[in-house]
Amino acid sequence: MNRRVWGGKYTVSSKNDYSAIVECTYCCPYCGQETGALLTIYSEGFDLLDKGGFYEPLKCGYCSESSDVFFSK
C-alpha cells in the first residue's frame, strides 16, 4: 500500500472543455525530496478541481517510490 501524503496546493496551467493541465508539487514521504508533476485532468474530474481536492498516485522522480498524494486548493 502506498503512503498517503498531503501535496499542498496546485495550479491549473491551462483548461479547455475536455481537459486541464495541472502543475503540482509535493514532498516525497520516502526520501524527503520536493518533487512535482504535470497532471492531465479530464472533464469528468473537473468537479474535483473546482471543489478543491483530489488524490493522485505519483512516483517520486528521485527514489522511484509511489505515494498517494492529496492536492487541495
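Strands β5 and β6 pair in the antiparallel sense, over seven bridges. This pairing, like everything below, is read from a predicted model. Within it, K59 stands opposite S66 in β6.

The loop between β5 and β6 holds S64. Its backbone deserves a look. Phi of S64 is near 70°, a positive value in a residue other than glycine. Most residues other than glycine have a negative phi. S64 is partly exposed, because its relative accessible area of 44% falls between the 20% and 50% cut-offs.

Now widen the view to the sheet. It is open, has three strands, and follows the order β1-β6-β5 with mixed pairing. Which strands stand at the edges? They are β1 (3-8) and β5 (53-59). Each has a single partner strand, so one side of each is left without a neighbour in the sheet. From one strand to the next, the twist averages 30°. Strands of a sheet pair through backbone hydrogen bonds, either parallel or antiparallel.

Strand β6 spans residues 66-72 and includes F70. What does F70 touch, leaving aside residues up to four places away in sequence? The list is V5, W6, G7, G8, G53, F54 and Y55. Of these, V5, W6, G7 and G8 fall in β1 (3-8), while G53, F54 and Y55 fall in β5 (53-59). F70 is partly exposed, with a relative accessible area of 26%. That value places F70 in the partly exposed class because buried means under 20%. The C-alpha atoms of F70 and L58 are separated by 10 Å. Along the chain, F70 and L58 are twelve residues apart.

A further pairing involves β3 and β4. Strand β3 (residues 19-27) runs antiparallel to strand β4 (residues 34-42), and nine bridges join them. One bridge links V22 to its partner L39 in β4. The two strands form a hairpin with six residues between them. In the turn, G32 has a positive phi of about 80°.

S19 belongs to strand β3. Is S19 buried or exposed? S19 is buried, because its relative accessible area is 18% and the cut-off for buried is under 20%. Its contacts, not counting residues up to four places away in sequence, are S14, T40, I41, Y42, S43 and F46. Among them, T40, I41 and Y42 lie in β4 (residues 34-42).

Technical notes
Residues numbered from 1 in each chain as written. Predicted model: local features only at pLDDT ≥ 70, side-chain atom pairs only at ≥ 80, totals over all residues. Heavy atoms only, no water. Pairing = 2+ DSSP bridges. Helix = DSSP H or I, 4+ residues; strand = E, 2+ residues; numbered from the N terminus. Buried < 20%, exposed > 50% of the residue type's maximum accessible area, 1.4 Å probe, protein only. Contact = heavy atoms within 4.5 Å. Axes fitted to C-alpha atoms, helices over the stretch in contact; angles between N-to-C directions.
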